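Ready for a short tour? Open the structure in your viewer and follow along, one selection at a time.

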Amino acid sequence: MPSSVTESVSIRSSEDVVRMRQWVRARAIGIGFNLVDQTKIVTAASELARNIIEHGGGEGHVQLEVVTNNSRNGIQLTFEDKGPGIADIEQALKDGFTSAGGLGLGLGGAKRLVNQFEIASHVGEGTRITITRWMHT
Amino acid sequence: MERIPILKMGKFLLITIQVDMHDRLAMALQNDVTDMIVKTRAHGVMIDISMLDMVDSFIGRMLGSIASMSRVLDAETVVVGMQPAVAITLVELGLSLTGVRTALNVDKGMELLRSSIERKEANGAVVRD
């Protein structure tokens, strides 16, 4: 899966989340995502970036890559924080699970909005989540 | 500080969200809406989200809490103008906006608010003013 562009932004505040959304939207439009696909990847990104602020120690970064697979374009986003980590990933992916008083849709919801979802987390070290959404052909 | 304007239209308040919301803006809006309901004795709140190109669980939660707070203050809330791509994404995300009434556009939203207020008045609920 060769990649063409890699960019990164840091997430420290909810204003950063808003800016990141606009950035992901612009890239999605740039490679020709339709409106529904744009909205899905932007919404998933918003949930995961907000997770960094609310659960991931309040600071982290998002990396964006435009990826290609069999001449199909996609967007791959990686969210990384050095927060407390997630002890039980399976539980964290369930709808309704929350540790910050929210609706608890973040991880599971974001997973449903993308084609690929990978999570690696170590307690006391942090969390890395990679999502990919492919363009409709 | 940046704020989302709230317009008074007869018995109703109209809020058009035109900016991508961050936390402080959302919190300020909740406070402003509840203040305005009390100050203007509004019976209904209409929130136009036709300019929003995405609604995540944070914004969904905010819409839900504005609806709940308004209900406690005896005002109905209706959210209008959701874009189709936003609706598709919301459902897949798992957000059903429970407790938030929705209408396709401002006209339909206005009808909904009017009819629910008329129903209340017919049931003999206390009417302000």
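Start with strand 4 of chain B in this predicted model, and show its side chains. B:Glu76, B:Val78 and B:Val80 point one way from the strand, while B:Thr77 and B:Val79 point the other way. Are these residues buried or exposed? All are buried. Because five of the five residues of strand 4 (residues 76–80) of chain B are buried, the strand is largely enclosed by the rest of the structure.

Next, add strand 3 (residues 44–48) of chain B. Strand 3 of chain B pairs with strand 4 of chain B in the parallel sense, over five bridges. To see one of the partnerships, pick B:Asp48 and then B:Val80, its bridge partner in strand 4 of chain B.

Now look at where the two chains touch. Here 17 residues of chain B are in contact with 24 residues of chain A. On the chain B side, helix 2 (57–72) and helix 3 (84–93) each supply at least two residues, and helix 3 of chain B gives the largest share, six residues. By class, that side of chain B has seven nonpolar, four polar and six charged residues.

Finish in chain A by selecting helix 1 (residues 14–30) and helix 2 (residues 35–55). Their axes are 9 Å apart and the helices pack at an angle of about 155°; helix 1 and helix 2 of chain A are therefore roughly antiparallel to each other. Helix 1 of chain A passes helix 2 of chain A in a right-handed crossing. Where they meet, look for residues including A:Val17 and A:Val24 in helix 1 and A:Ile41 and A:Ala45 in helix 2. This contact has ten nonpolar, three polar and four charged residues.

Key:
Residues numbered from 1 in each chain as written. Chains lettered and ligands numbered in written order. Predicted model: local features only at pLDDT ≥ 70, side-chain atom pairs only at ≥ 80, totals over all residues. Axes fitted to C-alpha atoms, helices over the stretch in contact; angles between N-to-C directions. Helix = DSSP H or I, 4+ residues; strand = E, 2+ residues; numbered from the N terminus. Parallel < 35°, antiparallel > 145°, perpendicular 65-115°, else oblique. Left-handed = near helix turned anticlockwise from the far one by under 90°. Contact = placed C-beta atoms within 7 Å. Nonpolar A, V, L, I, M, F, W, Y, C, P; charged D, E, K, R; others polar. Buried ≥ 20, exposed ≤ 12 C-beta atoms within 10 Å, placed from the backbone. Pairing = 2+ DSSP bridges.
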